[in-house]
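Please look through the structure shown here, and then read the report beneath it, which takes a few of its parts in turn.

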Amino acid sequence: SLLVVHFWAPWAPQCAQMNEVMAELAKEHPQVSFVKLEAEGVPEVSEKYEISSVPTFLFFKNSQKIDRLDGAHAPELTKKVQRHASSGSFPPSANEHLKEDLNLRLKKLTHAAPCMLFMKGTPQEPRCGFSKQMVEILHKHNIQFSSFDIFSDEEVRQGLKAYSNWPTYPQLYVSGELIGGLDIIKELEASEELDTICPKAPKLEERLKVLTNKASVMLFMKGNKQEAKCGFSKQILEILNSTGVEYETFDILEDEEVRQGLKAYSNWPTYPQLYVKGELVGGLDIVKELKENGELLPILRGEN
């Protein structure tokens, strides 16, 4: 039978909301047991199950913990309850098959980027001190990495410990190989080996050079071809579309580093900005002038 335990706190409004969600799920799934535990009232239990925030939901089947969900995510809770309530116990052969599938998935995840960090939370919002320190070290050394929040997937969280034979988090991988946890990264930093092991993020100027040369005609704008997010960007799209020339766009609203950096790189303070073969043509006013003078099309084609 499936048991769902909600670790909650009376002072957290999101817990009260999730209690209501749980009450509805209890009506839909009478065969599932739902229990509420005040996290701060049972510190030993909270510590044992690494409850670092509320609400947190743990899923048990046959006294074994099979899954968890951190945070007030009603759709995800509903999905997990439905999935675990409908799945019975697997015969041994099915278990072996699941193990193979998980190992394949873990291999793909550890190879998902040249440098992969498995952590609690995200680089923007680490959810434990060790993960926070790890992110700070990587940022300090300008190391380019992708991350996976182990709180988002209990199967990965437990499976990776066995897969890598490493019992704690965070874990850092380079080219799919485990480098280690925080202590080892600190040692590598102290011995100055860290910079030789992990790939560096490209410097902003190099990145902007690559971006401005990504296509023969590049437009840096607010929004994209399908949906301009300011009037100036909309007008410049209309002008470019009327020329029939192929071009690509970059949405500066999605990357603050590029948005601020490109102003200094091009010495041009506003957006949109139009580039041809990596060279700045200008903003909306200049593009309008060039169109009126009949000079725009030759410039876009690289004839001027």
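The report that follows describes strands, a pair of helices, nonpolar cores and one histidine in a model that is predicted.

A good place to begin is strand 3, which covers residues 56-61 and has six of its six residues buried, so that this strand is largely enclosed by the rest of the structure. Its side chains are divided between two directions, with Thr 56, Leu 58 and Phe 60 pointing one way while Phe 57, Phe 59 and Lys 61 point the other way, and all of them are buried. Strand 3 pairs with two other strands, and the table sets out these pairings.

| Strand paired with strand 3 | Direction | Bridges | Residues standing opposite |
|---|---|---|---|
| Strand 1 (residues 2-8) | antiparallel | six | His 6 and Phe 57 |
| Strand 4 (residues 64-70) | antiparallel | six | Lys 61 and Gln 64 |

Strand 3 and strand 4 also form a hairpin with two residues between them, and in this turn Asn 62 has a positive phi of about 50°.

Turning to the helices, it helps to know that two packed helices are described by the angle between their axes and the distance between the axes. For helix 1 (residues 13-28) and helix 3 (residues 74-86), the axes come within 11 Å and cross at roughly 30°. Since angles under 35 degrees count as roughly parallel, helix 1 is therefore roughly parallel to helix 3. The contact is made by Met 18, Val 21 and Leu 25 on the side of helix 1, and by Ala 74, Leu 77, Thr 78 and Val 81 on the side of helix 3. The crossing of helix 1 past helix 3 is right-handed.

Which residues have the most contacts inside the largest nonpolar core? They are Val 217, Leu 219, Leu 274 and Leu 300, in a core that has 18 residues. At least two residues of this core are supplied by each of strand 9 (217-221), helix 10 (231-243), strand 11 (273-276), helix 12 (284-292) and helix 13 (296-300), and the largest share, four residues, comes from helix 10. Leaving out residues up to four places away in sequence, Leu 300 touches Val 217, Leu 240, Thr 243, Val 245, Leu 274 and Val 276. A second, separate core has 16 residues, including Ile 137, Ile 185, Leu 188 and Leu 194.

Finally, His 141 lies in the loop between helix 5 (129-140) and strand 6 (146-149). Is this residue, His 141, buried or exposed? Its relative accessible area is 14%, and His 141 is therefore buried, because buried means under 20% relative accessible area. Apart from neighbours within four places in sequence, His 141 is in contact with Glu 189, Leu 194, Asp 195 and Lys 200.

How values were computed
Residues numbered from 1 in each chain as written. Predicted model: local features only at pLDDT ≥ 70, side-chain atom pairs only at ≥ 80, totals over all residues. Heavy atoms only, no water. Core = buried A, V, L, I, M, F, W, Y, C linked by side-chain atoms within 4.5 Å. Buried < 20%, exposed > 50% of the residue type's maximum accessible area, 1.4 Å probe, protein only. Contact = heavy atoms within 4.5 Å. Pairing = 2+ DSSP bridges. Axes fitted to C-alpha atoms, helices over the stretch in contact; angles between N-to-C directions. Parallel < 35°, antiparallel > 145°, perpendicular 65-115°, else oblique. Left-handed = near helix turned anticlockwise from the far one by under 90°.
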